Amino acid sequence: MAGTHVKTTINGDSVEYVCEADETLLDVLRNRLALTGAKEGCGTGDCGACSVTVDGRLVCSCLVLGVEAEGRNVATIEGLAQGEHLHPLQRKFLEHAALQCGICTPGFLVAAKALLEKNPDPSEHEIRFWLAGNLCRCTGYDKIVRAVQDAAAEMRGGRHAA
Amino acid sequence: MPLDPATQKIRAFDQVGTRPLRPDGLDKVTGRARFGADATAPGMLVGRILRSPHAHARIRSIDATKAEALPGVKAVVTSKDFADRSDDLRDILVNIMARGKALYEGHTVAAVAATSASVARKALKLIKVDYEVLPHVTDVDLAMEPDAPLLHDDLITSGVEPVPTKPSNIARKIEFGHGDVDKGFAEADLVVEREFKTEATHQGYIEPHACLASVGSDGQGELWVCTQGHYMVRDVCAQLLGMDVSKLRVTASEIGGGFGGKTTVFIEPVALALSRKAGRPVKVVMTRDEVFRASGPTSSTSMRMKIGVKKDGRITALDALLKYQGGAFAGAPVDYGGMAGVACYDYPNIRVVGYDVVTNRPKQAAYRAPGAPMTAFAVESVIAEIADTLKLDPIEMRLKNAAKEGTKSAYGPTFGPVGLVETLKAAKAHPNYKVKLGKNQGRGIASGFWFNFGGQTCVSLNLNIDGTLALAVGTPDIGGSRASMCLMAAEELGIPYENVRAIIADTSSLGYNDVTDGSRVTFASGMATIHAARDAIKKLCGRAAKVWGIPEEAVVWEKGFAKPSGANAGNFEPMSLKELAANAAKTGGPIAGHYEYNAENAGPSFATHVVDVEVDPETGFTKVLRYLVCQDAGKAVHPSYVEGQFQGGAVQGIGWALNEEYIYGADGRLQNAGFLDYRIPVASDLPMIDTAIVEVPNPGHPYGVRGVGETSIVPPMAAVSNAVSHAVGIRLTESPMSPPRILKALGEQAARKAG
């Protein structure tokens, strides 16, 4: 199968790759670019473990083709922290013990960041419905929701503009 | 505050019971943590598995010549690549690669290793399997019929006298109890008997099974795998492949959930066989579809539960018939499930009869307190109905019968100190129990039990030159256990938590450890960590004694320092762990602590759950309004992760109660093998999950710790059912209580009223 050459931007860096037509963006990130932070939990867009943003829009990277990233701006979990400074969501997830096994955590963080960019002061209801596309089997979501609430409060306070 | 059995003193803790950040946390919030599918190796091939499309079929032949000839294909394996055996690993061997018959839809029949995923997929299509389709059975009651399609023509029911002469699908009959149930029911003022059914559910870990195998022509191999027990994987795989155990080194990756489902092998021996044949590393990752069809879900069950009581609510007898199907091989957890499911109460007379039944479904695997939620659903539903009939407060009714220290359990042992009464009192005192309910709303209560397990455990602790510690444990960390290990090592040595780093050692670096199961890790690896720290302390005191020129017995360890034991021992400045570490080379070399044992006295954990729901009578949809978990942790080492276990187990149970089920078509094929149609709870389905940690110390652990991981899934199915039943005014007896089932029950009720 002939590969397609793709030029894109990932976490602010220019990236070029060749991928097959049937490869998903998730496959490309994980298998060609060694960005294994996005996980494949289902491959059908039902679990959100592969969440990334494309041009700021939250997507399941298992439902996007690698070739579709041409000319786009892709953001993954690997770009969330700035150097040694964690994003407030990352810190709050740790402080609230909002992860147990951690497989769903990258997807939740990417999704929660996309939420807070749209809505800096979400209600618990809004958080729960925004994150309804991300499955977690360990926590029962309680501590995840609290971590997002706490991060949002901190970010509104302006102490850690992100 | 726990009593330390070693010293018989009530002790306070400096660090145990605090909530520090977990040591593996940063990696997990930055995407750096390496899970099963995240590893690569030079020259790595992609492995893919061909699975039976039939629920039951004879395999007449497999022709892989076309697949083998496809460019890029480096190996194809079938059952011919695994030597047959007649020992207790045979079921595992046949489950990982069908021999002669495919026993369920999804059963592995062949596998390929190729240079890319697309070549591997093409190769699978080129493998020709000639099947003779056979009649199948997936329902437990139908599988027990005398004329049911037979899975195994050599399966003779065990536990029955006289021994049956003909094979059947009933693998085993179990029976336990005490007293005389007929006498007990004769003494009862009220007897309630109901039938129950529960559908099979899946553990639903978000990480599919994944491994990277590398076997060389020198017979040595390495395996990277997401598993709850890498020693188990090593031992089973080495035997199935005819390798020396010492030549297979298994490293446990970070594990993306297991809940019991990763306590056996599926793809690992296949990946090793492919790698050995191809002479290259092979990575195999299941798709979600494969996880549903071919890993291990729970049993589905069919049960009859009869309980008799006096007017005051005191139980006189329980008689239960439990039928659990466990998929294509023997091993449905009807024994442990039955024992745990009835364990909350003190019965003068009890009889439990259970059947372990095989069907054309994937072999069940452990799922969090395996087997217990189903029997508990039946017990707690009947208890609730009795409390309703007798107009007793459901918590008071349970308190009247609650198992406590000295109660003889139905499964044999007499309980030591246990916390059921405390969880019931905590539930009654909680504000949730006092909230007034509205229209279409109902409250449900249920209690639950799990044995907890100790098991074979080995821990090493190495002191570094700067006084920090490297702690090697052999039980994969599935929910934050490394944090608890670090806390216990730090507590014992009297040094900061941050100075201890725990890792999960590979199978060649540390002695054997049983699987992470039975809620055993914080208890057993934790106790081993404490003893390894004490071993190191003894050596540290010895080094200080040597420096001071006094006897070893004259040195004590206190909060991170070696000190002379008193004025008679001499007047020396206390020596810190850091100083002792820095001087180790001059005082006798490296300092390490080690401990290996078979842990016993795990101490069971009881829980009581209270849930309020609202049922929409038009749609049959149930909304969980509030949920409370009260559970005995003995001593909560890291309370955040204890709460996490409570919350996670409760929500898995809510899913089991309301939505989750394996749905089979008449063709014996699973109809909902994906997260869209097999619906696990999502954030918008749930409220916050309130928790109350009860601490009744376990005398079998130096800090009083009990396992907490599994009990939390035992009460929810019953608690939710009791709440839904109260909300709709109909006793529901089948799980899941999904909207169609509730609507059906409402329709039948309306018809009864009209008729």
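**Exercise 1. Find the parts of chain B and describe how domain 2 of chain B meets domain 3 of chain B.**

Solution. Start with the division: in this predicted model, chain B splits into domain 1 (3–33 + 454–599), domain 2 (36–134 + 208–255 + 262–294) and domain 3 (300–452 + 603–754).

Step 1: place the two domains. Taken over C-alpha atoms, the centres of domain 2 of chain B and domain 3 of chain B are 37 Å apart.

Step 2: list the contacts. Domain 2 of chain B brings 17 residues to the contact, and domain 3 of chain B brings 17.

Step 3: look at the area. About 1500 Å² is buried between these two domains of chain B, with 62% of it on carbon and sulfur atoms.

Step 4: check the polar side. The count of salt bridges between domain 2 and domain 3 of chain B is zero, while six residue pairs are in polar contact there (both at pLDDT 80 or more).

Step 5: ask who contributes. On the domain 2 side, helix H3 (90–96) and helix H9 (288–294) of chain B each supply at least two residues. H9(B) gives the most, with six residues. By class, this side of domain 2 of chain B holds eight nonpolar, four polar and five charged residues.

**Exercise 2. How many residues of chain B touch chain A, and which of them bury the most area?**

Solution. Step 1: the contact joins 52 residues of chain B to 44 residues of chain A.

Step 2: turn to area. The size of an interface is often given as the accessible area lost when the parts come together. Between chain B and chain A about 3900 Å² is buried, and carbon and sulfur atoms give 59% of that. B:Val29, B:Ile206 and B:Met688 supply 20% of the area that chain B buries against chain A, more than any other three residues.

Step 3: add the charged and polar pairs. Five salt bridges cross the interface of chain B and chain A. The side chains of A:Arg137 and B:Glu660 form a salt bridge, at 2.7 Å from N to O. Polar contacts across the interface of chain B and chain A come to 24 residue pairs (both at pLDDT 80 or more).

Step 4: assign the chain B side to helices. Helix H1 (25–30), helix H4 (117–126) and helix H18 (639–658) of chain B each supply at least two residues. The largest share, nine residues, comes from H18(B). In all, the side of chain B that touches chain A divides into 26 nonpolar, 18 polar and eight charged residues.

**Exercise 3. Classify the ring pair of B:Tyr411 and B:Phe449.**

Solution. Step 1: for context, a search of the whole structure finds 22 aromatic pairs over all chains.

Step 2: apply the geometry. The ring centres of B:Tyr411 and B:Phe449 lie 6.0 Å apart and their planes meet at 50°, so the pair is tilted. Planes under 30 degrees apart would count as stacked and those over 60 as edge-to-face.

Step 3: locate the partners. B:Tyr411 sits in the loop between helix H12 (394–401) and helix H13 (420–429) of chain B, and B:Phe449 in strand E18 (residues 441–450) of chain B; with their positions 38 residues apart, the pair links distant parts of the chain.

**Exercise 4. Describe the boundary between the two domains of chain A.**

Solution. Step 1: chain A consists of domain 1 (4–79) and domain 2 (88–156) in the assignment, with centres 21 Å apart over C-alpha atoms.

Step 2: each domain of chain A puts 12 residues into the contact. The buried area is about 930 Å², 69% of it from carbon and sulfur atoms.

Step 3: salt bridges between the two domains of chain A number zero, and four residue pairs are in polar contact (both at pLDDT 80 or more).

Note on methods:
Residues numbered from 1 in each chain as written. Chains lettered and ligands numbered in written order. Predicted model: local features only at pLDDT ≥ 70, side-chain atom pairs only at ≥ 80, totals over all residues. Heavy atoms only, no water. Domains from an automatic or database assignment. Contact = heavy atoms within 4.5 Å. Buried area = accessible area lost by both parts, 1.4 Å probe. Salt bridge = Lys/Arg side-chain N within 4 Å of Asp/Glu carboxyl O. Polar contact = N/O pair within 3.5 Å; in protein donor to acceptor, adjacent residues only side chain to side chain. Helix = DSSP H or I, 4+ residues; strand = E, 2+ residues; numbered from the N terminus. Nonpolar A, V, L, I, M, F, W, Y, C, P; charged D, E, K, R; others polar. Phe/Tyr/Trp six-rings, centres within 6.5 Å; stacked < 30°, edge-to-face > 60°.
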